[in-house]
Amino acid sequence: MTFRKKGTKNPPVLSQEFILQNHADLVACVGMFFVLGLMFEGTAEVSIVFITLQHGVTFPAEEAEERATAPKFLYHYGAKDLATVFFYMLVAIIIHATIQEYVLDRINRRMQFPKPKQSKFNESGQFSVFFLVSCVWGTFILLSENCLSDLSLLWRAHPNNMMTFQMKFFYISQLAYWFHAFPELYFQRIKPQDLSQQVVYVGLHLFHIAGAYLLYLNHLGLLLLMMHYFVEFLSHFCDLFYFSDEKYQKEFSLWAIVFILGRLVTLIVSVITVGFHLAGGQNGNSDGTTEDVNVLAAKIAVLSSSCTIQAYITWNLFNVQLQRWMEEDAPLQAPSVKKKRTKGRFSRKGTENGLATSNRVDSPHMRKEKSS
């Protein structure tokens, strides 16, 4: 990402360079309009749609939770969630710019990375922070909602197809983050040859997160997302060490084993949960309003998409690892090739009529001519 640098000439207002350098400030100004709207009665109702979670329903204590002593507020999804996602997408852009300017840019200036490495380092740094925060946050939600102790929550939606505040806010934040990645492709000046790969990477995350959110597979989606994020965090965290010093490449190559194991566990959980439990629920209705997600099309889509994404990510791993192995072998092969070429060149220039002679520049005959 490019930021305004002190001491440089300011570009024309509203020009492309101006937007790229000051996009975080511009986005912050847009977000402030929604926050200031809460101060006025005429605009408060509109601002609340963008800032707070919508489509909430109050349940009595005996229906919300047996041990609860007060009514519980649960949520379902709706069209107003798009406005909330848009606001938190602006927040994600501001946080992205803050991490870039105050953390990653300072490390780049200290380490003096070349430009190709700077782009990769910034990408790994941003993703490392996001995946780490998401893993901690998602694990807390799984523990607080007893998902690990009651595994039936993985294939059973919440009663009345509702979700808790923390569960919905987590999914809203995840959608906002991955939607913010699209304008970041413009702000970071991604090369055209890398654009398609980045769009596919972001689009796959949006597709699966939105699918789990819309099908009320919140707990299953959250568990699979945590396993995926943990593996991705290890991957980008190891890349940060590799960019700082390439000698760490061999020590951190073991992350590929963790990567494969993570993909395998994710695939097993998906098949067991979707393929057996959801497919085995034959006593439910065939509409989308039952407690169990029991639509045949939904079952096939969830299982096939989960298998497809694991195969795609694993294939990318093989390609990346193969490319790194080739880069490691290139310096080892280069000296031997150069030595062979040098030997051949000297063998041609250092022989006359099949007899070995000394170098023409240092031969006694040439030195004698030069001295005369």
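## Exercises on a predicted model

**Exercise 1.** In this model, the side chains of Gln-174 and Ser-134 are joined by a polar contact of 3.2 Å. The model is a predicted one. Determine in which helix Gln-174 lies, whether it is buried or exposed, and which residues beyond its sequence neighbours it touches.

*Solution.*
1. Gln-174 belongs to helix 6, which spans residues 165–187.
2. The relative accessible area of Gln-174 is 1%. The cut-off for buried is under 20%, so Gln-174 is buried.
3. With neighbours within four places in sequence set aside, the contacts of Gln-174 are Phe-130, Ser-134, Ile-209, Leu-225 and Tyr-229.
4. Ser-134 is thus named twice: in the contact list of Gln-174 and as its partner in the 3.2 Å polar contact.

**Exercise 2.** Locate Asn-122 in the secondary structure, classify its accessibility, and state which side chain is its partner in a polar contact.

*Solution.*
1. Helix 5, residues 115–144, contains Asn-122.
2. Asn-122 counts as buried because its relative accessible area is 12%, and the cut-off is under 20%.
3. The partner is Gln-100: the two side chains make a polar contact at 3.2 Å.
4. For a backbone distance, take Val-103, which is 19 residues from Asn-122 along the chain; their C-alpha atoms are 9.8 Å apart.

**Exercise 3.** What sign does phi have at His-55 and at Tyr-216, and in which loops do these residues lie?

*Solution.*
1. Begin with the general expectation: most residues other than glycine have a negative phi.
2. His-55 is not a glycine, yet its phi is positive, at about 60°. Tyr-216, also not a glycine, has a positive phi of about 60°.
3. His-55 is placed in the loop between helix 2 and strand 1 (56–59), whereas Tyr-216 is in the loop between helix 7 (192–214) and helix 8 (218–244).
4. Accessibility completes the description. His-55 has 22% relative accessibility and is therefore partly exposed; Tyr-216 has 12% and is therefore buried.

**Exercise 4.** Which residues form a nonpolar patch on the surface, and where does Phe-40 lie in the secondary structure?

*Solution.*
1. The patch consists of Met-32, Val-35, Leu-36, Met-39 and Phe-40, and their accessible area together is about 500 Å².
2. Phe-40 is found in the loop between helix 1 (16–36) and helix 2 (41–51).
3. The cut-off for exposed is over 50%. Phe-40 has 51% relative accessibility, so it counts as exposed.
4. For the whole protein chain, the accessible surface is about 22600 Å², with 65% of it belonging to carbon and sulfur atoms.

**Exercise 5.** Describe the overall architecture of the protein chain, and identify where pLDDT stays under 50.

*Solution.*
1. The protein chain has 11 helices and four strands.
2. It comprises 372 residues, of which 39% count as buried.
3. Among contacts with a separation of 6 or more, 71% are between residues 24 or more positions apart.
4. The mean pLDDT is 76, and 68% of the residues reach 70 or more.
5. pLDDT stays under 50 over residues 63–68, where the model has five contacts beyond four places in sequence. It also stays under 50 over residues 337–372, where the model has 15 such contacts.

Note on methods:
Residues numbered from 1 in each chain as written. Predicted model: local features only at pLDDT ≥ 70, side-chain atom pairs only at ≥ 80, totals over all residues. Heavy atoms only, no water. pLDDT = per-residue confidence, 0-100. Contact = heavy atoms within 4.5 Å. Helix = DSSP H or I, 4+ residues; strand = E, 2+ residues; numbered from the N terminus. Buried < 20%, exposed > 50% of the residue type's maximum accessible area, 1.4 Å probe, protein only. Areas by Shrake-Rupley, 256 points an atom, 1.4 Å probe, with all protein chains shown as cover. Patch = residues over 30% accessible without salt bridge, like charges linked within 9 Å, V, L, I, M, F, W, Y side chains within 5 Å. Salt bridge = Lys/Arg side-chain N within 4 Å of Asp/Glu carboxyl O. Polar contact = N/O pair within 3.5 Å; in protein donor to acceptor, adjacent residues only side chain to side chain.
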